[in-house]
Structures are given as C-alpha cells and as structure tokens.
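Here are my notes on the backbone oddities and one well-covered helix. Have the model open while you read.

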Amino acid sequence: MTGEIFRDAWGIPHLRADDAMALARVQGRVTALDRAWQLEVERHRSQGTSASFLGAEALPWDRFVRRARLDDTARRCFAELERRDPESAGWVRAYVDGVNEGLAEGARRTPEFARTGLAPGRWEPWTPLGVWLGIHILFAGFPAKLWREQVVRHLGADAVQLFATDGPATSGSNGWLVSGERTVTGHPIIAGDPHRFIEEPGVYQQIHLSCPEFDVIGLAVPGIPGIAHFGHTGTVAWAITNAMADYQDLYRERLRRTGAGVEALDPDGVWRRAARHTEVVEVAGEEPVEVEVIETGRGPVVIGGPEGLPDVQEGFSVGFEESEGSEGLPRPLDDDAPPRLAVTLRYPPRVTSDLGFSALLPLLRARRVADVDRAVDLWAEPVNVVQAADTEGGLLHRVAGKVPVRSAANRVRLVAAWEPGHDWQGWHETPRGGLVDGVAAMANQRGIAAPLGIEFAPPHRADRITALLGEKERWSAADMPAIHMDTQLASAAPLLDLLRSVDTLSTEAARVRETLLGWDRRMDADSEAAAVYAAVRGAVVRRLAAHPAFAALSVPPAYPEVLLPWLALLPRVGFACEHLLRAEELFGIDRAETVRAAVEEVAAELPTGARRGTWGDTHRLAPWRALADPSYDAPGLSGDHDCVLCTSAVPGLTDLSARGPAARYVWDLADREAGRWVVPLGASGIPGSPHHRDQLPLWLGGDLVPVVTDFTKLQKESDV
C-alpha cells in the first residue's frame with residue numbers, strides 16, 4: 001500500500017497511507033480531484049493572476065496582491081522553511097506533488113474550466129503558503145486603520161469608539177470548551193463554528209488522514225496540507241477562533257522619484273533607495289494592466305506612490321502633528337522634487353519569512369494537550385485563540401501567533417514612516433486563560449486576547465454561549481447543536497428601548513411597535529416579528545447614515561477598491577448601530593425621532609391583511625463564487641450578526657447573508673465517533689456531484705454528519 005482513498009456516505013475523503021509523506025501526497029491528490037476549480041482560483045488569487053480568466057472584476061484584487069508582494073512573500077517563507085525545517089518543507093512538497101498529479105483529472109470533472117477556458121496550471125512548493133497568505137492577508141482588518149483616520153479627521157478622536165465594533169469584513173468564530181466535570185461522560189467536549197465568508201466550494205474540507213504515525217479527522221483548508229484549525233487525533237482535539245489581534249501596520253511614506261528610481265524618507269532623516277519594479281496583469285477580454293511595485297524599509301506600498309493620491313492628499317494629513325504645515329499638509333522639504341505620500345503595509349511574514357507551517361505536522365502528531373501547546377508555539381498568522389483537550393483531562397486555552405511589540409500609535413492608525421519610534425521591537429508573549437465553572441467560551445470578544453487588539457466583537461455571542469452552558473450541570477456531544485443554532489439577539493435592546501419611549505405614532509405604526517415590544521428577540525427564519533425588527537433596524541441605519549453629521553464620511557477616499565468595504569459608511573453604521581443608539585450624545589441627532597420615523601416608514605410599507613413575510617423570506621444564504629450560478633436557489637436563514645447562529649447580513653443595505661458558520665463541529669474526547677460535523681454545502685466542489693450540496697439541509701436545520709473513523713465502515717474508492 002502506498003495510499004488509499006475511501007469515502008463515507010457524505011463523500012468525505014478518508015485517506016490512508018504508509019507514512020506522513022505519502023499521506024500528504026494523497027491529501028493533495030484527493031483535494032485536486034474534489035476541488036480543482038477552487039484550488040486553481042486560489043492559486044491565481046495568491047499570484048495576482050485571477051483577472052486573466054475571471055476578467056476585470058478580479059483586477060482590483062490582483063493589483064493589491066501584486067503591490068503587497070504576496071507571491072514573493074510565499075517564496076521567501078518556503079525558502080526559510082526549507083532551511084529551518086526541511087521535514088515540513090518536504091511534507092509540503094509531497095502535498096504539492098499530489099495536487100499536480102490530480103489537477104488535470106479534477107479539471108476534466110469540473111465545468112468551470114470549460115466555461116472560462118482555463119487550463120489547470122502547475123503548483124509550486126510555495127503555492128500552499130501563497131494560498132494561506134491570500135486567504136488571510138485581510139483577515140486582521142488592517143484597513144480599519146484607514147477608517148479610523150477618516151473618523152478622526154471628520155468627527156474627532158472621540159468618535160472612533162462610536163464605530164468600534166466587529167467590522168464589515170472581519171471574520172470571527174464561536175467556540176467553547178467544556179471540561180469533563182461538566183459532561184455526562186467525564187471527558188471534555190470542544191464545539192463551535194468558524195464564521196467566514198460562505199463560499200462555494202466551501203472554505204473548509206472535512207477530511208480524515210491516517211498513517212502508522214497518526215490518525216486525525218478535522219477541517220482542512222483546501223490547498224493547505226494537514227489540518228490547521230480544527231482537528232481530533234483520537235486522544236487530543238483542538239479548535240480556534242480569531243483572536244482579533246492587531247498585528248499589521250500601515251505607514252505613511254514620503255516618496256520621491258530620482259534618476260535612479262524611487263527613494264523613501266527614513267526615520268533618521270536619510271532618503272534611501274526603495275525597491276521598485278513593474279509587473280503586467282493580464283485581464284481577460286481587455287488590455288493588460290501595468291502595476292508599479294514599490295517596497296520601502298517598512299514594507300510594500302499598497303496605496304499611492306511617488307505621485308501620491310492628489311484627490312485624497314488631505315486625508316493623509318491626520319496625525320502629522322509637528323510635521324504639519326498651516327494647511328494640514330506636510331511641510332515641503334528643501335528639495336527640487338517635493339515628496340508625495342503613499343502607504344506601506346508591514347505584516348509579520350514579510351518581516352520574518354515565517355508563516356507558521358512548522359506547526360502543522362506537530363499538530364497531526366499530537367497526543368496530549370502539551371503537544372498541541374508546543375505546536376502552536378510555532379504559529380504565525382492569523383493570530384488565534386486556541387482551545388484543546390485530551391482524553392486524560394488536559395485542557396488548553398491560549399492565544400497563538402505573532403504580534404509585534406511597537407508603539408500604541410501603530411496599533412490604532414497610520415503612523416509616519418519618517419518619524420522615529422514606530423519600528424517593531426520583538427514579539428508579544430501570547431496570553432493564556434483558564435475555565436470558569438468548567439467552561440470557556442470564545443467568540444472574538446474582549447477576552448484573553450485583549451492586550452493584543454484594538455477592536456473586538458460585541459460580547460453578546462460569548463455571553464449567550466456561557467449562559468446556555470450554565471443552564472444544566474452535565475452536557476453531552478448530542479446537546480451541542482442546540483447551542484450552535486441559538487437565535488437570541490441581545491443587540492436589539494437599544495432600539496427596542498428607544499421604541500418604548502415613542503408614543504406619537506399612526507395606527508399602523510403603533511401596531512408595529514406592539515409587535516416589536518412583544519417579540520421574543522429571536523431571529524428565527526419563520527418569524528414575522530424578526531422580519532419587522534430587521535426592517536425597522538435597516539430604516540434606522542439608513543436614516544442615521546444619511547444624517548448631515550456623517551456626510552463627510554459618506555464618500556470614501558480614492559483608495560484601492562479592495563480596501564473600500566472598510567470605508568463604506570452604511571455598513572459601519574449598521575454594525576455599530578447598537579453603540580450609536582446607546583451613546584450619551586450623538587452629534588445632536590434625535591435618536592428617538594429617528595426610530596419613530598423608521599417605524600412609520602416600515603408601517604407604511606407592510607402589507608395589510610395578507611401574510612406579512614418572515615425573516616427567512618429576505619435573510620437568505622448568498623455564497624461567494626468565482627463564477628455566478630444561475631441555478632442556485634438561495635435558502636432562507638435563521639440567525640443574525642450578534643446571534644450565536646451568526647449569519648451576517650449588512651443592516652440597512654441587504655438582508656442577504658454572505659457570512660456565517662463555514663462549518664460546525666463537536667469533538668468528543670470520550671469517543672471520537674460520538675462527534676459530529678457539517679459544512680454549509682457539501683464535500684465536493686464539482687457541480688452535479690451528489691455531494692456538492694447534500695449537507696445544506698442539515699446545515700440549515702442544525703443537524704450534523706456523524707464522524708466515522710473505522711475504515712471497515714467506509715467505501716474504498718481507489719489506490720493511489
């Protein structure tokens with residue numbers, strides 16, 4: 001036997017091989033067979049070549065990736081991995097070999113290749129690292145610093161906290177650890193659900209990896225060997241959530257062109273040569289686009305360049321302090337070619353040439369919590385809260401990843417590259433936490449990772465999970481889906497409190513008010529009251545965003561398109577609605593009147609007599625796809641942004657949900673096969689496959705697929 005592929009009833013791949021290297025090759029091969037289109041889309045996205053077959057819509061991403069130097073960073077990180085950890089590098093190479101073996105066959109099975117005319121390419125040893133970078137480069141939300149610059153400039157520093165909530169493009173997760181003293185078996189349970197943009201094919205791949213050295217089930221990231229985030233080896237299990245740490249910096253740069261190229265002003269007052277070259281991005285159906293790539297001593301330039309951004313030059317002036325002139329712009333230097341401004345991105349893998357891939361094999365080999373702990377010491381990014389438990393009762397609750405030590409200013413907004421005091425000074429120690437009453441809930445709240453971040457998710461999900469776990473003394477694996485699916489919306493309180501104070505209403509609006517004040521605050525798909533609440537909330541958000549007080553924020557600066565979701569006013573108001581309604585004072589806005597007008601607006605639009613409609617009528621699942629699928633019929637969803645069942649829409653803009661639980665899992669340390677898991681669509685990325693969307697009904701209803709690890713219960717597909 002070199003390698004074998006088995007399948008269970010849901011088409012989930014179960015792989016067996018003679019050793020870890022052979023198993024990595026089989027994992028790469030089966031991923032290429034099941035997810036060829038997804039793999040090639042991600043490879044091209046990591047290289048900045050996706051517009052070559054997806055067209056002009058993909059150009060903003062490709063331009064950003066080229067300027068941020070993701071592909072070059074991936075190459076550097078792999079070279080360093082080979083030097084420092086040749087075993088892991090060889091293991092990654094084996095995975096890539098398997099991908100290349102299976103891509104052509106996988107492409108023949110997948111109609112998207114024919115639709116676009118894309119031929120499968122070749123993966124290089126560093127491609128998985130590039131894919132990892134491409135997936136996570138915006139995960140920490142560094143563009144939020146651009147938003148804070150805008151808020152401070154137009155509304156003042158105090159206004160930043162009004163919008164300080166989980167941003168429109170930030171991904172999070174729920175996770176909870178229950179110790180053996182609180183379970184029916186006396187062994188720990190770990191459960192939860194990662195929240196990401198829902199994609200088709202899915203961002204997580206259910207998989208089983210077995211060789212004489214280890215036997216692990218878990219959720220892999222297609223294109224990445226091993227099981228990074230959620231796994232169970234039989235004796236130890238682990239899971240993660242986004243720690244919401246701040247580990248990427250933006251620097252204002254003074255750049256100038258010279259006869260020799262481009263120079264940047266360094267903190268010591270010396271102009272130094274910046275690396276510069278040009279790249280050409282191919283665009284399907286259009287002329288190629290040339291991209292200038294510049295990198296200073298801080299990092300690659302991702303906004304502007306030596307000519308600056310004239311339309312938004314003033315937007316860069318915030319925070320110059322002593323270096324500002326009377327008009328708020330930089331004082332000119334004594335030079336024939338006055339410098340213009342640009343923005344560079346500094347991110348850990350670019351600095352260290354380390355993506356944390358040395359943690360992946362040790363995770364597969366882990367037998368106890370201490371092994372997981374040592375493995376995640378090697379973690380780099382994204383920065384995560386890790387929970388783990390083993391069959392001997394060992395428990396772990398800690399942060400893992402690299403967060404630089406630097407000035408407080410770096411963490412909040414853009415800083416001036418030419419001023420001293422903004423360099424990195426090593427790495428923070430990652431905090432550790434414990435359990436309270438035998439449980440620990442993580443949901444991106446301001447918890448053990450607080451010293452490492454600036455903005456966190458509201459506490460509602462974490463508080464609700466903790467409260468639910470407190471409702472009974474002993475829990476089983478079978479009990480966990482009820483927590484996954486909880487729809488209580490605590491963040492509705494401020495709007496409803498204001499509604500109580502409103503009394504001058506039309507007859508129709510008074511009925512709306514009565515409906516909402518009698519509502520159980522559950523965002524269930526079949527709830528008419530939840531639909532009414534969402535409609536009123538949306539109207540409130542639109543009215544707040546349209547208020548003259550926020551007019552200056554309504555038109556974002558001319559930054560690269562890929563960064564604009566963080567700068568759009570309406571989503572910012574939508575996700576910060578709770579804060580805005582509760583603030584002591586809000587620029588003179590009469591919030592009770594805003595709520596009254598919103599209720600009247602909704603009342604005037606509601607049908608009379610007939611069925612009003614439910615939350616699930618408009619709150620529907622809208623997965624991201626590289627190519628549109630006209631056959632897709634979007635199902636209605638329960639949940640909302642601040643529910644444990646976190647199916648995020650954008651209040652005031654759309655009820656469609658593009659973000660939510662990208663998987664659900666229950667890891668039982670008493671019996672691995674008592675665990676359960678599910679993904680939103682299915683195990684296969686091939687349209688027309690019986691396993692393309694067969695898990696969707698289960699995911700919608702809160703059911704999970706049984707975990708099977710006994711190869712005698714599986715159907716053998718092939719030897720490889």
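1. Start with α11, where V369, D371, V372, D373, A375 and V376 are buried (under 20% relative accessible area with a 1.4 Å probe, protein chains only; over 50% is exposed, and in between is partly exposed). That makes six of the eight residues in α11, so the helix is mostly covered. Helices here are DSSP runs of H or I with at least four residues, strands are runs of E with at least two, and both are numbered from the N terminus.

2. What sits over those buried α11 residues? The cover includes β8 (236–242), α10 (360–365), β15 and β16 (395–400). Contact, for this purpose, means heavy atoms within 4.5 Å.

3. A word on provenance before the details. This is a predicted model, with local features needing pLDDT of at least 70 and side-chain atom pairs counting only at pLDDT 80 or more, while totals for chains, interfaces and linings use all residues. Residues are numbered from 1 along each chain as its sequence is written, and side-chain values use heavy atoms, with hydrogens and water left out.

4. Next, look at E381, in the loop that runs from α11 (369–376) to β15 (384–390). E381 has a relative accessible area of 1%, so it counts as buried. Setting aside neighbours within four places in sequence, E381 is in contact with W132, H136, Y247, P348, P349 and L355. W176 is another matter: E381 and W176 are 21 Å apart in space, C-alpha to C-alpha, and 205 residues apart in sequence.

5. The backbone deserves a check right there too. Going from E381 to P382, the peptide bond is cis, with omega near 0°, and P382 is in that loop between α11 and β15. Another cis bond joins E200 to P201, again with omega near 0°; P201 belongs to the loop between β4 (189–197) and β5 (205–211). For context, most peptide bonds are trans, and most residues other than glycine have a negative phi.

6. On the phi side, M244 and D437 are worth a click. M244 has a positive phi, near 60°, without being glycine, and lies in the loop between β8 and β9 (249–258). D437 also has a positive phi, near 55°, and is not glycine either; its loop runs between β17 (415–416) and β18 (439–442).

7. Are these two residues buried or exposed? M244 counts as buried because its relative accessibility is 9%. D437, with a relative accessible area of 62%, is exposed.
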